[in-house]
Amino acid sequence: MKKSELIAAIQREILRHELTTFVDEPPVSSKGGKGVVVPGCSICRKRANTISDFLEHIAHDAIPPLIERLSQILER
């Protein structure tokens with residue numbers, strides 16, 4: 001894998017995530033709930049109250065699995 005392909009794969013993974021809001025564990029309507037809107041990564045449904053929390057999510061939750069997948073491809 002070329003260095004440019006590696007960089008492109010990492011950039012795609014980072015840009016896939018977004019700091020927005022999502023409904024966390026919506027209770028069923030029969031129980032009278034509509035869920036709670038929380039800030040965080042809507043792709044992973046991971047809460048992030050600050051930009052620092054979101055960056056930690058990218059660094060600890062998103063990038064390591066990507067590096068693992070890419071290293072398996074390189075080992076072939």
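In this predicted model, Arg-45 is partly exposed, with a relative accessible area of 44%. This residue is found in the loop that lies between strand β2 (36-41) and strand β3 (46-47). Although Arg-45 is not a glycine, its phi is positive, at about 55°.

The strands on either side of that loop belong to a protein with two helices and three strands. Read along the sequence, these elements follow the pattern α-β-β-β-α. The radius of gyration is 16 Å, well over the 11 Å that the globule rule gives for 76 residues, so the protein is more spread out than a compact globule. Along the principal axes, the C-alpha trace spans about 55 × 25 × 15 Å.

Contacts and surface were also computed for the protein as a whole. Among contacts with a separation of 6 or more, 35% are accounted for by residues 24 or more positions apart. Of the 76 residues, 22% count as buried, that is, they have under 20% relative accessible area. The accessible surface comes to about 5700 Å², and carbon and sulfur atoms hold 56% of this area.

In soluble globular proteins, nonpolar side chains tend to be buried together. In the present model, the largest nonpolar core has six residues, namely Cys-41, Ala-48, Phe-54, Ile-58, Ala-62 and Ile-63. Helix α2 gives the most to this core, with four residues. Cys-41, also a member of the core, falls within the range of strand β2 (36-41). For Ile-63, when neighbours within four places in sequence are left aside, the residues in contact are Ile-10, Ile-14 and Ile-58. Of these partners, Ile-58 is itself a member of the six-residue core.

Nonpolar residues also occur on the surface. Met-1, Ile-73 and Leu-74 form a nonpolar patch there, and together these three residues have about 290 Å² of accessible area. Ile-73 has its place in helix α2, which covers residues 51-75. At 43% relative accessibility, Ile-73 counts as partly exposed, because this class lies between the limits of 20% for buried and 50% for exposed residues. Helix α2 (residues 51-75) thus holds Ile-73 of the surface patch and gives four residues to the largest nonpolar core.

Terms used:
Residues numbered from 1 in each chain as written. Predicted model: local features only at pLDDT ≥ 70, side-chain atom pairs only at ≥ 80, totals over all residues. Heavy atoms only, no water. Patch = residues over 30% accessible without salt bridge, like charges linked within 9 Å, V, L, I, M, F, W, Y side chains within 5 Å. Areas by Shrake-Rupley, 256 points an atom, 1.4 Å probe, with all protein chains shown as cover. Salt bridge = Lys/Arg side-chain N within 4 Å of Asp/Glu carboxyl O. Buried < 20%, exposed > 50% of the residue type's maximum accessible area, 1.4 Å probe, protein only. Core = buried A, V, L, I, M, F, W, Y, C linked by side-chain atoms within 4.5 Å. Contact = heavy atoms within 4.5 Å. Rg over C-alpha atoms; globule rule 2.2 N^0.38 Å.
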